[in-house]
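Visitor: Please pick one part of this chain and take me through it closely, then show me how it sits in the rest.

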Amino acid sequence: MNYVFVDEIIKRAFAEDFPYGDITSESLIDPCTMLDAALVCKEDGVIAGIEVFERVYALLGDVTCQFFYKDGETIRHNQKIAKITGNAINLLKGERIALNFIQRLSGIASMTRKYTEALSGCHTKLLDTRKTTPGMRYLEKYAVTIGGGVNHRFSLSDGILIKDNHIVAVGGIKPAVEKARSLHGFVRKIEVEVETLEMVKEALEAGADIIMLDNMDIDTMKKAVALIDGRAMTECSGNINFNRLQALNGIGLDFISCGSLTHSYSSLDISLRII
């Protein structure tokens, strides 16, 4: 994990949560007081974000964390995940921030694990998208990998994905692909988003490396995969929920991208209790 990115995110959270200190804890508790706390899971799931949780307290100082699990492991209701020991004020000051991170990342990992298991038995890989919380993309995409998913682009600088608005702006799929190819040659793959079988044909003729089948019904998607017939990689996107994902298993897609992994997950219920 890259602590340059992580520390930046955590320090922004510090500035947001206690810009002038924790006036409650600092008013009530002696600065020398030490406390023990337990981190407890209140529902089943997949844990993710342990390093981030620990890093919150490493930056605050004088608090140690002893985890009994690793990222990616399954945790059960009422299990003790970790023991936290240290300065009482710092422990309480970092509580909500540390929990916010580990709850959200564990929620993403848990949802991703459920979705990837629905694709077991086929070669299709589950991808995330750029539909992430602003400023949290690095961590949210990390959580997807912990759950068994695969990262799509981290940013617009990572790959060429010609979408509907690009096609309209340039005047068609063919000129868009040709222009991208002339600038980047064989160095980068070119992906094109399509919505109809006619657009699939245009993308194939233009030489697209990856064809994204956007918001197609199942029958049309099957026809598109048959039409492409291995001449390009295939990706499905648009309104991917758990039931639709199960229906897509076995169609022969290379990838399924799912924005809900990072925008519609439920945080895992984890609490910190003073012992």
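Guide: Let's start with a helix pair: α8 (residues 197-206) packs with α9 (residues 218-228) at an angle of about 20°, the two axes lying 10 Å apart. That makes the two helices roughly parallel (angles under 35 degrees get that label, over 145 is roughly antiparallel, 65 to 115 roughly perpendicular, and the rest oblique). The axes are lines fitted to C-alpha atoms, for helices over the stretch in contact, and angles run from 0 to 180 degrees between N-to-C directions. Helices here are DSSP runs of H or I with at least four residues, strands are runs of E with at least two, and both are numbered from the N terminus.

Bear in mind that this is a predicted model: local features need pLDDT of at least 70 and side-chain atom pairs count only at pLDDT 80 or more, while totals for chains, interfaces and linings use all residues. Residues are numbered from 1 along each chain as its sequence is written, and side-chain values use heavy atoms, with hydrogens and water left out.

Back to the pair. α8 and α9 cross in the right-handed sense, that is, with the near helix turned clockwise from the far one by less than a right angle (anticlockwise would be left-handed). On the α8 side the contact uses L197, V200, K201 and L204, and on the α9 side T220, K223, A224, L227 and I228; contact means heavy atoms within 4.5 Å. Sorted by type, the residues of this contact come to six nonpolar, one polar and two charged. For that count, Ala, Val, Leu, Ile, Met, Phe, Trp, Tyr, Cys and Pro are nonpolar, Asp, Glu, Lys and Arg are charged, and the others, Gly among them, are polar.

Now follow α9 onto the sheet. α9 lies across β9 and β10, running at about 165° to β9. Those two strands, β9 (residues 210-214) and β10 (residues 233-237), pair in the parallel sense over five bridges, with I211 finding its bridge partner in T234 of β10. Two strands count as paired if DSSP finds at least two bridges between them.

Zoom out a little and β9 and β10 turn up in an open sheet of six strands, ordered β6-β11-β10-β9-β8-β7 with parallel pairing. β6 (125-127) and β7 (160-162) stand at the edges with a single partner strand each, so one side of each has no neighbour in the sheet. Direction ignored, neighbouring strands in this sheet are turned by 25° against each other on average.

The loops around β10 are worth a look too. Most residues other than glycine have a negative phi. D229 sits in the loop between α9 and β10, and its phi is positive, near 50°. With a relative accessibility of 60%, D229 is exposed (exposed means over 50% relative accessible area, buried under 20%, partly exposed in between, using a 1.4 Å probe and protein chains only). On the other side of β10, N239 belongs to the loop leading to α10 (242-248). N239 isn't a glycine either, yet its phi is positive at about 55°, and its relative accessible area of 63% makes it exposed.

For contrast, here's another helix pair. α1 (residues 3-17) and α3 (residues 50-60) have axes that come within 10 Å and cross at roughly 65°, again right-handed. Y3, V6, D7, I10 and F14 from α1 meet E51, V52, R55, V56, L59 and L60 from α3, a mix of eight nonpolar, no polar and three charged residues.

There's antiparallel pairing as well: β1 (residues 34-41) is joined to β5 (residues 80-87) by seven bridges, with M34 opposite N87. β1 also runs antiparallel to β12 (residues 270-274), over five bridges, and there L39 stands opposite L272.

Finally, S25 in helix α2 (residues 23-28) is buried at 9% relative accessible area. Leaving aside residues up to four places away in sequence, S25 touches I89 and L92. Its C-alpha atom is 52 Å from that of N249, 224 residues along the chain. The C-alpha atoms of the chain fill a box of roughly 70 × 35 × 25 Å along the principal axes.
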